[in-house]
Amino acid sequence: MVPPVQARKLAKVPFVELADGRLQGVVSSGSDASRVYVSSIMAGTHGNSCSTNNNRPCGGLTDLHLCKHLDALVTEGIRQYGQERVARYLRVEVGEGKDLIDCLNSHKDPASAAAVFSRFLRHLAYLEVPESTEPVPELHWFPAAGAVG
């Protein structure tokens, strides 16, 4: 877990990561408290995707404009990792005084939401694990601090 560069708005974007060649995460719906969107931007090509967790496409995403979910994802990604790291990961040059989102060569590129949403749910499960100094069974493959193989 990387500590955030700045404080994040977890209610709006509860999950953001740089993984699988994408900036990806889960973004809350602005109109329905029970709906979330899985949004992603592909490194290099900047193909973007936004859909509900059951793959219903976001109505705000067009070929010309990013939807508000992707905008929130980028904003929170920068808060979590810093603009330089996100730009490097997405392989985009951000000129001085420019916003990262304006420098993307964005276009729609649908991606399945299932893997990202599944990882989000797995992370949520760790919030319910009681505080303990005992090992967490599903993380047993991480070596103990200072262990030598």
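Start at Ser 49, which sits in strand 4, the stretch covering residues 47–52. The model you are looking at is predicted. Is Ser 49 buried or exposed? Its relative accessible area is 6%. Buried means under 20%, so Ser 49 is buried.

What surrounds this serine? Its side chain reaches the backbone nitrogen of Ala 111, at 3.1 Å. Set aside the neighbours within four places in sequence, and Ser 49 still has several contacts. Val 38, Ser 39 and Ser 40 are among them. So are Leu 61 and Leu 70. Asp 109, Pro 110 and Ala 111 complete the list.

Ser 49 also leads us to a pocket. The second largest pocket has 13 lining residues, and Ser 49 is one of those nearest its centre. Cys 50, Pro 57, Leu 61 and Pro 110 share that position. The volume of this pocket is about 150 Å³. Which element gives the largest share of the lining? Strand 4 does, with four residues. By type, the lining residues divide into six nonpolar, four polar and three charged. Rolling a probe the size of a water molecule over the atoms is what shows where such empty space is left.

Now follow Leu 70, a contact of Ser 49, into helix 1. Helix 1 runs over residues 68–81 and has 14 residues. At 1.5 Å a residue, helix 1 should span 20 Å. Its end C-alpha atoms are 20 Å apart, so the expected span and the model agree. Just after the helix comes Gly 82, with a positive phi of about 90°.

How many residues of helix 1 are buried? Eleven of the 14 are, so the helix is largely enclosed by the rest of the structure. The buried set includes His 69, Leu 70, Ala 72, Leu 73 and Val 74. Charged residues appear in it too, including Glu 76 and Arg 79. What covers these buried residues? The cover includes strand 1 (15–19), strand 2 (22–28) and strand 3 (36–42). Strand 4 and helix 2 (83–90) also take part.

Finally, step back to the whole chain. It has three helices and five strands. Along the sequence, they follow the pattern β-β-β-β-α-α-β-α. The C-alpha atoms fill a box of roughly 50 × 35 × 25 Å, taken along the principal axes. Of the 149 residues in the chain, 37% are buried. Take the contacts between residues at least 6 apart in sequence: 53% of these join residues at least 24 apart.

How values were computed: Residues are numbered from 1 along each chain as its sequence is written. This is a predicted model: local features need pLDDT of at least 70, side-chain atom pairs count only at pLDDT 80 or more; totals for chains, interfaces and linings use all residues. Side-chain values use heavy atoms; hydrogens and water are left out. Helices (H or I, at least four residues) and strands (E, at least two) are DSSP runs, numbered from the N terminus. Buried means under 20% relative accessible area, exposed over 50%, partly exposed in between (1.4 Å probe, protein chains only). A polar contact is a pair of N or O atoms within 3.5 Å; within protein, one must be able to donate a hydrogen and the other to accept it, and residues adjacent in sequence count only if both atoms are side-chain atoms. Contact means heavy atoms within 4.5 Å. The expected span of a helix is 1.5 Å times one less than its number of residues. On a 1 Å grid over the protein atoms alone, a cavity is a set of points where a 1.4 Å probe fits but cannot get out, and a pocket is an open set with protein on both sides within 12 Å along at least five of seven lines; lining residues have an atom within 4 Å of a point. Grid points are joined across faces, edges and corners, and a volume is the space filled by probe spheres set on the points.
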